[in-house]
There are 2 protein chains.
Amino acid sequence: MITIYSEDHRLHHGQYELIAGGFVPPFENPTRLDIIISRLKEKNFGEIKPPNEYGLDPILRVHTEDFINFLRTAYDEWYELHGGEKDAMPITWPTRHLRQVVPKGINGKLGYYSFDAATPITSTTWQAITSAVNVALTGVDLIKEGQRAVFSLCRPPGHHAAKDLYAGYCFFNNAAIATQAFIDKGAERVAILDIDYHHGNGTQAIFYDRSDVLFVSLHGDPDQEYPYFLGYKEEIGTGKGEGFNKNFPMPWGTLWPVYKDALDQGIDSIQNFKPDALVVSTGVDTFEKDPISKFKLKSENYLEMGNMIESLSLPTLFVMEGGYAVDEIGINTVNLLSGFEEA
Amino acid sequence: MITIYSEDHRLHHGQYELIAGGFVPPFENPTRLDIIISRLKEKNFGEIKPPNEYGLDPILRVHTEDFINFLRTAYDEWYELHGGEKDAMPITWPTRHLRQVVPKGINGKLGYYSFDAATPITSTTWQAITSAVNVALTGVDLIKEGQRAVFSLCRPPGHHAAKDLYAGYCFFNNAAIATQAFIDKGAERVAILDIDYHHGNGTQAIFYDRSDVLFVSLHGDPDQEYPYFLGYKEEIGTGKGEGFNKNFPMPWGTLWPVYKDALDQGIDSIQNFKPDALVVSTGVDTFEKDPISKFKLKSENYLEMGNMIESLSLPTLFVMEGGYAVDEIGINTVNLLSGFEEA
């Protein structure tokens, strides 16, 4: 399987994220991809290629122009106000009893366009996030050219980002942009299988009223787990999209047999949908040793998971999302891909 | 003028607040009131009395039962999950593209009921915030008993708190609860004059559809300044409340002549409203040396401000809100009250 990868991901490396009442160095950091690349090479998994350049047009198919412009200039506006020591970070958010206005100042804009304080914007974040989109889109093209499966090793991840909202380490929704690109290049239906530990709230929100994209997500129950405010079972889509959104929230401590059963149901849904392509939002933070997640999957489970996904016999784009147990992120990610390839 | 004060405010002393991309010791801390008390004594300003106890009923007139229960148990739930090192602090907030659900877990609930990460909940916050309400309500009773004016030296402040939302250092909206108590004890109309540097978004939201409470706020333009998502000039009230909300946003660098002109207009509105009582949400963070605010008022301006407020000839309850230039917070607060008393 070809892997698409850009060194530009290093240009996004925040100083801090807010978690459990304090600021800590980000769990989402460049080392994650170093370990994955190292494991891919160790296993001679396949060619690692740089991305092509696609510009902003495919991003505009998913995100709003004002959001894109905000991300492009946010750090500079922040620097102008606060100087250069800290990453740009919002301080307050427009929840209920407040208005959805876009303030002129940067602190207000940071709050308007985000929903957490875990997602710093640095002076070079823009280059990293546009490159991550290119990594995803290059995978789409390779599949259109006949590859059965491609691994788009994106970083930062994307699945928490909605059309005009960033957070959860995510800025542009790489998987959603790839999905839209499949459709814009002729696919009638695309399925997204989100196996990251956290619900892909951004992806769900982007496609919630559409019947040409089926979104299936397996994740920690939002009653207990980030992002808390989306990912519940009763969210099934709206309007034309009704029935095309399927959430499988599972409790802390979930083991492989329960997870596998949910995955089986998700795969059945995808099979019935008869998509032209599959995008896998690929997180390995379901692993038992992940530092911020609470499922209990083991490394060998990812082999079986890849095998099960392969059974759909679909052109498949793996788009990297989360996974923070750095020592094992390489083993688990490559197990997933190997399980698919060797099925 | 009698001052109502409780030592219980010390029981709320957070470790950190999020500002400008980092965690810093809270600007809103117990020393603020020490300086004010010290200045009141130095100037022999008047008797300092402890509050009476009012229980939760007056709070329930303004805040929802689920919100009150959340605040009462939040720290214990946090401690159970995370242990005791850090104050309880939300990590994500339900903005647009997310749902207004109340998750079962404490991290989700903290996000649901708040809108910033500047407002830690400690193990003893509950006692402090209920005492602050008692401080405000004792002032109401003294005025009902015939006092022309009372200073309720509340801490934590309250004007950012809406019926089921805390943030901006505020938990229970002391001024709103006092206002409602005036009405419940027979007042037909009550005016609130909010002279804190920050817009009193919580107070506005609580009374936005009511014609028996006029809310007048002078504050930093939300286009530039916290809380960013409320406090704009066009917010005039809704339904029966239309015309009973008046915002005077002013830009960074505002000097006394411009401020005074806005205050004149606000006072005119209050006069035309013919209220039975006036509640002054009293912040002195409009001061030129305030560390987190950007107006340029001088200490002597507070004397004139108090004088102008007195010209309304109304029973007047001063409820303490913000002010963070600790060295001068005593001088400026007592100047305001003296300007009123000596008018």
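Student: What does D164(B) form a salt bridge with?
Tutor: Its partner is R96(A). The closest N and O atoms of the two are 3.5 Å apart. Keep in mind that this is a predicted model.

Student: How many salt bridges are there between chain A and chain B?
Tutor: The count is eight.

Student: And polar contacts across that interface, how many residue pairs?
Tutor: The rule finds 22 residue pairs in polar contact between chain A and chain B, with both residues at pLDDT 80 or more.

Student: Which elements of chain A give two or more residues to the side that touches chain B?
Tutor: Two strands and three helices of chain A: strand 2 (17-19), strand 3 (22-24), helix 3 (65-82), helix 4 (106-112) and helix 7 (201-207). Helix 4 of chain A gives the largest share, four residues.

Student: What is that side made of, by class?
Tutor: On the side of chain A that touches chain B there are 30 nonpolar, 13 polar and twelve charged residues.

Student: OK, how many residues does each chain put into the contact?
Tutor: Chain A gives 55 residues and chain B gives 55 residues.

Student: What area is buried between them?
Tutor: About 4700 Å², with carbon and sulfur atoms giving 64% of that. On the chain A side, the residues that lose the most area to chain B are R96(A), H97(A) and F229(A). Together they make up 19% of what that side buries. R96(A) is also the residue that pairs with D164(B) in the salt bridge.

Student: Switching to symmetry. What turn lays chain A on chain B?
Tutor: A turn of 180°, with a shift of 0.0 Å along the axis, and the RMSD is 0.0 Å. That is the relation of a two-fold axis.

Student: Which C-alpha of chain A is nearest the axis?
Tutor: That of T95(A), 2.4 Å from the axis. Both copies use the same surface, and 100% of the contact residues of chain A recur in chain B.

Student: Now the fold. In what order do the strands of the chain A sheet run?
Tutor: The order is 4-1-5-10-9-6-7-8, eight strands in an open sheet with parallel pairing. Strand 4 (48-49) and strand 8 (245-250) of chain A are at the edges; each has a single partner strand, so one side of each has no neighbour in the sheet.

Student: How many bridges join strand 6 to strand 9 in chain A?
Tutor: Five bridges join strand 6 (residues 190-194) to strand 9 (residues 277-282) of chain A, and the two run parallel.

Student: Which residue of strand 9 is the bridge partner of L193(A)?
Tutor: V280(A).

How values were computed:
Residues numbered from 1 in each chain as written. Chains lettered and ligands numbered in written order. Predicted model: local features only at pLDDT ≥ 70, side-chain atom pairs only at ≥ 80, totals over all residues. Heavy atoms only, no water. Contact = heavy atoms within 4.5 Å. Buried area = accessible area lost by both parts, 1.4 Å probe. Salt bridge = Lys/Arg side-chain N within 4 Å of Asp/Glu carboxyl O. Polar contact = N/O pair within 3.5 Å; in protein donor to acceptor, adjacent residues only side chain to side chain. Nonpolar A, V, L, I, M, F, W, Y, C, P; charged D, E, K, R; others polar. Least-squares fit on C-alpha atoms with pLDDT ≥ 70 in both. Pairing = 2+ DSSP bridges.
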